[in-house]
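Okay, everyone, can you all see the screen? Let me put the sequence and the model up, and then I'll walk you through it.

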Amino acid sequence: MQASKADSQSLKANNNITTDICIIGAGPVGLFAVFEAGLLKMRCHLIDALPQIGGQLSEIYPHKPIYDIPGYPTINAQELIDNLMEQIKPFHPSFTLGERVEALERQADGSYYVISNEQTVIHAQVVVIAGGLGSFEPRKPEIPRLAEFEGKGVSYMVKNPEHYRDKRVVIAGGGDSALDWTVFLSDVAKEVTLVHRSDSFRGAPDSAEKVFSLAERGKIRLLLHSNLRRVDGNGVLTHVGIVDKEKKETMLETDALIPLFGLSPKLGPIAHWGLSIDKSAIAVDTADYSTGVERIYAIGDINTYPGKLKLILCGFHEAALMAQSAFKYVHPAEKLSFKYTTVNGVNAF
């Protein structure tokens, strides 16, 4: 199941959408929330500022392997999104893509109007914030002329690995993304250099071991205790300056520089909705992941509570409890009777 740009445009043309639950964020946790809501006969509409479904997994890490999804020893990020879309197909969710939520307006009956920057209005009984890190931007190294080469050799994410086929690539960073893309691109690019300021990595030990093994076999160049110093080129990037711990600078010829230093979260308009904010995350009650503002819930990486783990599987758990709690607002005259899917099956709308 795929929500096309045409689908999004037709919704926008109507400019007014009515649903049971409006989910802000179409990443994996937001998608699974559709399934849990659907089991309880609640319809969902999802809105996301990105132009496609999948959140960060599709936008930044489509080829990244994920190892902690139950039942899948390993699954690529985009494959997980595709499977979730197939899972929620019986519940016919609708989508508004490429639009950012700007405002919430509470109505006299307790429901909300969710209003986008394009003036799309979604009328919902319940609002679920599943926006991952919120609006986010890459952390950029502070080196001269970097912005000059953005889109001309400098990128902060890998959208299409084939773009680097038979090219010389310099990756900078020490987290999971830097390690995973170094391993992946070692079989795609002509030459891969990984630059890291330390001799140990923040990413998964298994990934670090693969990187060290690739370096020992001459498949990649590994520059430890080193930092980016400068970039150079005439219109497009041609060289990257690297400085080591002895302050010796080396100029590397390259076609691409990919600094992977993580993302800087920004809540954007959400910060002004009267929610309890703790260090750029929304504080919630773990009984049902409610925010303290009636009919507004927060699930996934955007929320915080004691013991919080930023794992997709934890977001799935949060989505299930949220749906059970939201039922009372969507079907106030009905009594919730929880039954296992093995008893009821999955009954399509």
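So, the lining of the second largest pocket: H2 gives the most to it, with three residues. Before I go on, keep in mind that this is a predicted model. Back to the pocket. Helix H2 (28-39), helix H7 (312-330) and helix H8 (341-344) each supply at least two residues of its lining. The volume of this second largest pocket comes out at about 450 Å³. There are 20 residues lining it, and the closest to its centre are Leu39, Leu40, Ser337, Lys339 and Asn344. How does that lining split by class? Seven residues of the lining are nonpolar, eight are polar and five are charged. And for anyone who wonders what a pocket search does: rolling a probe the size of a water molecule over the atoms shows where empty space is left.

Let's stay around H2 for a moment and look at the loop that follows. Lys41 sits in the loop between H2 and E2. The backbone there is a bit of a curiosity: Lys41 has a positive phi of about 65 degrees, although it is not a glycine. As for accessibility, Lys41 is partly exposed, since its relative accessible area is 40%. Arg43 is also in the loop between H2 and strand E2 (44-48). With a relative accessible area of 43%, Arg43 is partly exposed. If you want a long-range pair, take Arg43 and Val346: they are 303 residues apart in sequence, but 14 Å apart in space, C-alpha to C-alpha.

Okay, there's another positive phi to show you. Which residue is that, if it is not a glycine? Tyr289, with a phi of about 65 degrees. You'll find Tyr289 in the loop between strand E19 (281-283) and strand E20 (296-298). Buried or exposed? Tyr289 is buried, because its relative accessible area is 4% and the cut-off for buried is under 20%.

Follow the chain on into E20 and you get Ala298, which is in that strand. Ala298 is buried, with a relative accessible area of 0%. Its distance to Glu150 is 34 Å, C-alpha to C-alpha, with the two positions 148 residues apart in sequence.

Now a couple of helices. Helix H4 covers residues 77-88, so that's twelve residues. From its first C-alpha to its last, H4 reaches 17 Å, close to the 16 Å expected at 1.5 Å a residue. Which residues of H4 are buried? They are Ala77, Leu80, Ile81, Leu84, Met85 and Ile88. Look down the axis of H4 and these buried residues fall within an arc of 140 degrees, so they line one face of the helix.

Helix H6 (residues 205-216) has twelve residues too. H6 reaches 16 Å from first C-alpha to last, close to the 16 Å expected. The buried residues of H6 are Ser207, Ala208, Val211 and Leu214. They cover an arc of only 120 degrees around the axis, so they end up on the same side of H6. And what does the face turned away from the buried side carry? There you see the exposed residues Pro205, Glu209 and Glu216.

Two more loop residues, if you'll bear with me. Gly153 is found in the loop between strand E9 (135-138) and strand E10 (168-172). The relative accessible area of Gly153 is 19%, so it counts as buried, given that the cut-off is under 20%. Gly153 and Glu318 are 165 residues apart in sequence and 40 Å apart in space, C-alpha to C-alpha.

Then there's Lys248, in the loop between strand E14 (237-244) and strand E15 (249-253). Lys248 is exposed, with a relative accessible area of 56%. From Lys248 to Leu104 you go 54 Å, C-alpha to C-alpha, and the two are 144 residues apart in sequence.

Let me finish by zooming out. The protein has eight helices and 21 strands. Of its 349 residues, 49% count as buried. Along the principal axes, the C-alpha atoms fill a box of roughly 70 × 40 × 40 Å. So what about the radius of gyration? With 349 residues, a compact globule would have one near 20 Å, and the protein has 22 Å, which agrees.

Terms used. Residues are numbered from 1 along each chain as its sequence is written. This is a predicted model: local features need pLDDT of at least 70, side-chain atom pairs count only at pLDDT 80 or more; totals for chains, interfaces and linings use all residues. Side-chain values use heavy atoms; hydrogens and water are left out. Helices (H or I, at least four residues) and strands (E, at least two) are DSSP runs, numbered from the N terminus. The expected span of a helix is 1.5 Å times one less than its number of residues. Buried means under 20% relative accessible area, exposed over 50%, partly exposed in between (1.4 Å probe, protein chains only). The arc is that of the directions from the helix axis to the C-beta atoms. On a 1 Å grid over the protein atoms alone, a cavity is a set of points where a 1.4 Å probe fits but cannot get out, and a pocket is an open set with protein on both sides within 12 Å along at least five of seven lines; lining residues have an atom within 4 Å of a point. Grid points are joined across faces, edges and corners, and a volume is the space filled by probe spheres set on the points. Ala, Val, Leu, Ile, Met, Phe, Trp, Tyr, Cys and Pro count as nonpolar, Asp, Glu, Lys and Arg as charged, and the others, Gly among them, as polar. The radius of gyration is taken over C-alpha atoms; the globule rule is 2.2 Å times the number of residues to the power 0.38.
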